[in-house]
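Q: Please take a close look at one part of this model, the annotated repeat. Then set it beside the other local features that can be described.

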Amino acid sequence: MLCACSGEQFKFDEPPQSPESLATRDFSASGLSSRTTGDWESKLEDFQVDEAESTLKEALSLNYEEARALLGRLEYQRGNFDAALQVFQGIDIKGLAPKMINAIVERIQYRKPRSKGEIVPPSAMSMHSVSLLVEAILLKAKSLEELSQYREAAKECGIILDILESALPNGIPEGIGEDCKLEEMFHKALELLPALWTNAGLLDEAIASYRRVLIRPWNLNPQKLAGVQKELASILLYSAVEATLPPQLQLWGLASPQSNIEEAILLLLVLMSKVASGEIKWDGEIMDHLTYALSIVGQFELLAEHVEQALPGIYNRAERWYLLALCYTAAGQNEAALNLLKKVSGCSESKNKPHIPSFLLGAKLCSQDPMHAHEGISFARKVLDLADNHNQHFIGQVHKFLGVCHGNAARISLSDSERVLLHRESLNSLNNAALNRKEDPEVMYSLGLENMLQRNLGVAFENAIVCTEMMAGNSVKGWKLLALVVSAEQRFKDAQTVVEFALDEAGRIDQFELLRLKAILQIAQEQPKQAIETYRILLSLIQAQRDNQAKNPEQSHIFKSEVLAERNLELAAWQDLAHIYTKIGSWNDAKICVDKAKFMEFHSPRSWHVTGMLFEAQSLHKEALVSFSIALSVEPDYVPSIVATAEVLMKLGTQSFSIARSFLMHALRLDPTNHEAWLNLGLISKMEGSLKQAAEFFQAAHELQLSAPIQSFL
């Protein structure tokens, strides 16, 4: 009769059998008959032979289930997964589970301090037996995994967690696995279960399993626990399954996450704090996941903080500055990003290997701000100087940024000769970019825009057509460029047709921009009523979008960039409306609109310029001069206010002509293509009797006006 390790006799449903019949029953097909012990001993590895011998010697101290557990382990170690599965299926785990739970509970109670008179009840099952059966369940799950039966394997593996959770609702206490393999087997099951559900394609079950692992202290070592947290964060981020946290699982205490992304970010932040404290080793995947997660929610400043917290040696200085620059750029802090990128190109890094991505990013950022045009040229030339066969894919982009920077530098240059040279360099660089990146619509867009600004309207029209064809409806930028080029040719009706066509394909923000462009084109066609109606539609759509965003405050991080774009469009719309009402003589409506614009952005030079135009229309010249002066105090080089100031001075009498002329000449130094400045110079020359010079100025103004793009939309 076989006995349990505790000494208690088991009663089998079948009559007791000899050790030989126990080992041979149901295993003739697997070759485990004790009559062929010599055969399978010769096939096993030495350690397997020793274990088999030990098992046979202890046969009289094993019950039926324990014998099957050991024999199943042998089959699993030999790679006979079907045979191992057949062996394990003979173990009645459901019937044994309550006894296993009781054995674990009694073991914990036995470890606690007891009074002298308290009697310790003998366990119905030893911890060694519990460990053996837990191992059998685990190996059964692994056998099913090897046979690609992942769902069944996960169910079997889940039984281990059910047993331990029932016995240890508060987690595993220290030292429970000192004299048995229970804790080791359980830890393996904790790691295996989520992987099995993942392989079965049941990601919601996998997420629930990861949470089960983390909800109680199971004595996992810090590195393994970090691995589980990282895997859960990964599946939450990339699984596309929204697994809401059940109310009963207050995994994060009072701050329960409201979405997969929030939960993943919390996990990753915990991991980063462990890395910072040295509890776990640095893992680049954690940083990669955190970068992705914080980028989704727009928390780029927080991402920058964690890049800064990375220990020395993980990133070199150039890489760290580059990553920080990317974070600040994404957060809209381009100035901070540029300051970091300047460090990469500074003297302190002159002895180190040049960091080309930093120079390329610097050129890109500088191309977006005319005030940094010359710095952008410097960044771009460094990339070109360092380019070799391995960096040829950068060349087209570099030429594009170089061309845009040259064009911006030309528009702020005060020297005519320098301006001509920069214009030529701009077109040369952009044409080189077009040759290197023939299928890049952004290059063609930049080339078309530069040609339009340089009044090469025929070439600009061809560029705009090619750009539109390349984008194939994926973006309305090409349509907007085409509309601007056509409007520069004074074909406003055709330009409006292009805009209306683009409206059908536009997204929300693009639609708002196109509606404003449509209104501006209607103003150019002297259709103020239609333009006012278009602005009314635009403002109502912006307000509806704002109301929608207010109903979803949890998504504010998603709408952050859109909110800024919408606000700028709303400001421009009120300024445009004030300009329209001023032209048609509706003073009260104009004042209401300009007050709304000032309320949104008090220090906007255009708002004060429109205010000055309203005063001038009412012949309040002194008030107009004050408003224009305020606009110029905000932005000293604001050309419209410089020209408008000259116009007011001209109306005050001939004694102010010299001052007005100096204002106009300054405006032309800033913007040589401003036809209003040329026109007013012609008027001054005419009133002073210089008819020939006046005619030249009028001719220049006429030619520029005929090819002038819509400046307020650029």
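A: The model is predicted. Start with the annotation: an unreviewed UniProt entry lists residues 605-638 as "repeat: TPR". In the model, this span is 79% helix and 0% strand. Its end C-alpha atoms lie 7 Å apart.

Next, the internal space. A search of the whole structure finds four cavities of 30 Å³ or more. The largest cavity holds about 50 Å³ of space. Its lining is made up of M272, V275, A276, W282, H306, Q309, A310 and L311. Two elements give two or more residues each to this lining: α12 (260-277) and α14 (300-309). The top contributor is α12, with three residues. By residue class, the lining of the largest cavity has six nonpolar residues and two polar ones. No charged residue takes part in that lining.

Now a single position, N339. This residue sits in helix α16, which covers residues 334-344. Is N339 buried or exposed? Neither label fits: its relative accessibility is 43%, so N339 counts as partly exposed. The cut-offs behind that call are under 20% for buried and over 50% for exposed. N339 can also be placed relative to A325. The two residues are 14 residues apart along the chain. Their C-alpha atoms are separated by 8.4 Å.

How values were computed:
Residues numbered from 1 in each chain as written. Predicted model: local features only at pLDDT ≥ 70, side-chain atom pairs only at ≥ 80, totals over all residues. Heavy atoms only, no water. UniProt positions renumbered as here; feature names shortened; annotations may be inferred. Helix = DSSP H or I, 4+ residues; strand = E, 2+ residues; numbered from the N terminus. 1 Å grid on protein atoms, 1.4 Å probe; cavity = no way out; pocket = protein on both sides within 12 Å on 5 of 7 lines; lining within 4 Å. Points joined across faces, edges and corners; volume = space filled by probe spheres on them. Nonpolar A, V, L, I, M, F, W, Y, C, P; charged D, E, K, R; others polar. Buried < 20%, exposed > 50% of the residue type's maximum accessible area, 1.4 Å probe, protein only.
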